Amino acid sequence: MSHDTRTAPRICPLCEATCGLTLTIEGTTVTGARGDRDDIFSRGFICPKGASFGGLDADPDRLRVPLVRGDDGELREASWSEAFDLIAARMPELTKTHGPNAVGVVLGNPNVHTMAGSLYPPLLLGALRTRNVFTASTLDQMPKHVSSGLLFGDAHAIPVPDLDRTDHLLLIGANPLESNGSLCTAPDFPGRLKALRRRGGTLTVIDPRRTRTARLADRHVAIRPGADALLLAALAHTLLTEKLADPGPLAGHLEGLDELAGSLADFTPDAVAAACDVDADTITAIARELAAAPTAAVYGRIGSCTVEHGTLASWLVDVLNILTGNLDRPGGALFPLSATGRAPRPADPGTRKAVPGKGFALGRWSSRVSGHPEAKGELPIAALAEEIDTPGEDRIRALLVIAANPVLSAPDGDRLDAALADGLDFMVSVDPYLNETSRHADVVLPPPPPSQSAHFDFAFNGFAVHNQVRYTRAAVPLEDGRMDESEIHARLVLAVGGLHGAPPSAVDDLAIGTALTRAGAPKELAAGLTGENGPERRLDLMLRLGPYGLTLEKLLAHPHGIDLGPLKPRVAEVLRTRSGRIELLPEPIAADLPRLRRALGERPAPLVLVGRRHLRSNNSWMHNVGALTGGSNVCTLQIHPDDAARLGLVDGATARIESSGGGIEAPAEITDTVRRGVVSLPHGWGHSRPGTRMAVAAADPGANVNQLLDGTLLDPLSGTAVLNAIPVSVTPAL
């Protein structure tokens, strides 16, 4: 290495696996990235996204200074002061004139991959007081939040499979060899599954596609898309009717077990077999295998969430874990304990008991146009366009979009695109790119590249398969002319809250004071916090108040992380239901089961669409990295050879796909990895709209699969858009 070449540790922010990286840096440029062999969690594992860290970090299309829309309607470069002055002049006046609900906020999934995106949006929402909040959750995992809230009283209490100790893992709608895991933070997910097989364990995969994960399985069940909840209900029915259910120590925490059997009486293996296109004997065998395994865990993800019965499927995943006695036990599904999480209630070891909590409620308010009920304080992002373009009181007139690209990621991007262009008085985007959504903004605030930002995983440590804590400071100094992402967020809070001109530290001081009050901790603790800036002081406080009593100073002394031990049973600490027990059959779930029963008699569509994940992609926000393009990372319509022959399609020819929201075209990829009657397109493509500045993505734009959807089909309990099992027609393009 030359004298100005060095290495620095960095936690990868590009997916939920949170692997440790070792960056090679020449001057201020990241020239390489490899897995950090000393990282206490990832142990040197790296995927192609992490290896491309330097390319993403130095992407020439990343914005470096704010953009402001001039009188001529064009975006131009501006100073940070000018950008925030404009926000402070426009946003408070809009809310004063039209009320707080005239402002909408959209939060994309990159927020949970950054410290700023985790720390500041709650303060922003508190300053705005709007009920019009939309996030990527209603395109992904909201059904799991809702089912966990109803079962356990806490929408964030999501059990994760104990991958390293389980004897039997059942995956439904999940492809972690491509996604690296989701709501289950597990570096080297592939290696952990292979280790399961090596120690004699069993892997069962339920998926309409023969994915890389399915090819690793002992048993692959090619279910008909959208039938996940039916199959899971039949598994639970079998456990109950064959007297295989044994909750074990959980029995004392359960409420509604007797009622559960009656609610699932109609979902016999014979009854669901036709709808699932899985024979009854296979369903019965899977249930018996789960019950017989020494330990087992059921894990469902986006394929089972983004369907018509996504919340019911998510609920049934945990019902199965509960009935087999595998919830909250080693080798089953457990609740992680993050270093910044809520400290356990004080009690002598082994005597802690669950107590009643506030519980979890749905539908505390509804959207203005279609009356969609809120879930976890959010409205369906599929309803965003109508909330902008439909006249009336509380119409969204101003929009704050933070690390989100809903024109591509939400249904009916054409309608939303038009609404953003013509229906808003003011729009602000916090985004490193001028993309399909941010191109409509009046102000674009670009955060710096990840090498210039510190990193702590506030969200993902709460889903980790092993308790640990890691923190990395910025590997490269902040470039001249840039603003730290945390300062951007803090100044945004001040600007919209009518406090423009106050120092950004005031926002952090307020957050620290509020946290101390809520924890019942002495105010004097604030004076002893360490850290170079507000976010570090807030992290230090959260570590001190957390269950392990750590400090920022101790964390900095362990640059490769601190091992906090394996997951442990702690359901009594987690429960926040009004009864203080696991409410096995909550009323909203029971009320939705008749809808699932009706699905038993519905005639399946002849051809349905499902999504697809790529290892070298993360939705729409990594398509501008040249090193990750090509190969398997392509936007093709996968179709079974029999369906292709029937429809007159040949491999590589352009296919026309049509559904309720419109039509798109994509090259056909004929493959028997999808079952008959199913076609598959990846999510996040469609980079063909004018006015963007993403040259690599625009060179191979692909087709926006979400343009096939009109946004009206949602899972009613969670408001999640139905993105899978969509009826489509496919023909050769003219």
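This passage describes two helical regions and two buried residues in a predicted model.

The helix H19, formed by residues 485-496, was examined with respect to its length and its surroundings. At 1.5 Å a residue, its twelve residues should span 16 Å, and the end C-alpha atoms, which lie 17 Å apart, agree with that value. H19 is mostly covered, in that ten of its twelve residues are buried. The buried residues of H19 include the charged Glu-485 at the beginning of the helix, and also Ser-486, Ile-488, His-489, Ala-490 and Leu-492, together with Val-493, Leu-494, Ala-495 and Val-496 towards its end. At the start of the helix, a side-chain oxygen of Asp-484 comes to within 2.9 Å of the backbone nitrogen of Ser-486, whereas after the helix there follows Gly-498, for which phi is positive, near 80°.

A second helical region consists of H20 (residues 505-519) and H21 (residues 534-545), the axes of which come within 9 Å and cross at roughly 10°. Because angles under 35 degrees count as roughly parallel, H20 is described as roughly parallel to H21. On the side of H20, the contact is made by Asp-508, Asp-509, Ala-511, Ile-512, Ala-515, Leu-516 and Ala-519, and these residues meet Gly-534, Pro-535, Arg-537, Arg-538, Leu-541 and Leu-545 of H21. Taken by character, the residues of this contact comprise eight nonpolar, one polar and four charged.

Of the two individual residues considered, His-687 is placed in the loop between strand S25 (678-680) and helix H26 (695-699). Its relative accessible area is 3%, which means that His-687 is buried. The side chain of His-687 takes part in a polar contact of 3.1 Å with the side chain of Glu-436, and in another, of 2.8 Å, with the side chain of His-623. When residues up to four places away in sequence are not counted, His-687 touches both of these partners and, in addition, Leu-408, Ser-620, Ala-697, Ala-698 and Pro-701.

Strand S25 itself contains Val-679, a residue that is buried, with a relative accessible area of 0%. Apart from its neighbours within four places in sequence, Val-679 is in contact with Leu-607, Val-608, Leu-609 and Val-610, with Leu-637, Gln-638 and Ile-639, and with Val-728 and Val-730. The C-alpha atom of Val-679 is separated by 9.6 Å from that of Glu-669, a residue ten places away along the chain.

Terms used:
Residues numbered from 1 in each chain as written. Predicted model: local features only at pLDDT ≥ 70, side-chain atom pairs only at ≥ 80, totals over all residues. Heavy atoms only, no water. Axes fitted to C-alpha atoms, helices over the stretch in contact; angles between N-to-C directions. Helix = DSSP H or I, 4+ residues; strand = E, 2+ residues; numbered from the N terminus. Parallel < 35°, antiparallel > 145°, perpendicular 65-115°, else oblique. Contact = heavy atoms within 4.5 Å. Nonpolar A, V, L, I, M, F, W, Y, C, P; charged D, E, K, R; others polar. Expected span 1.5 Å × (residues − 1). Buried < 20%, exposed > 50% of the residue type's maximum accessible area, 1.4 Å probe, protein only. Polar contact = N/O pair within 3.5 Å; in protein donor to acceptor, adjacent residues only side chain to side chain.
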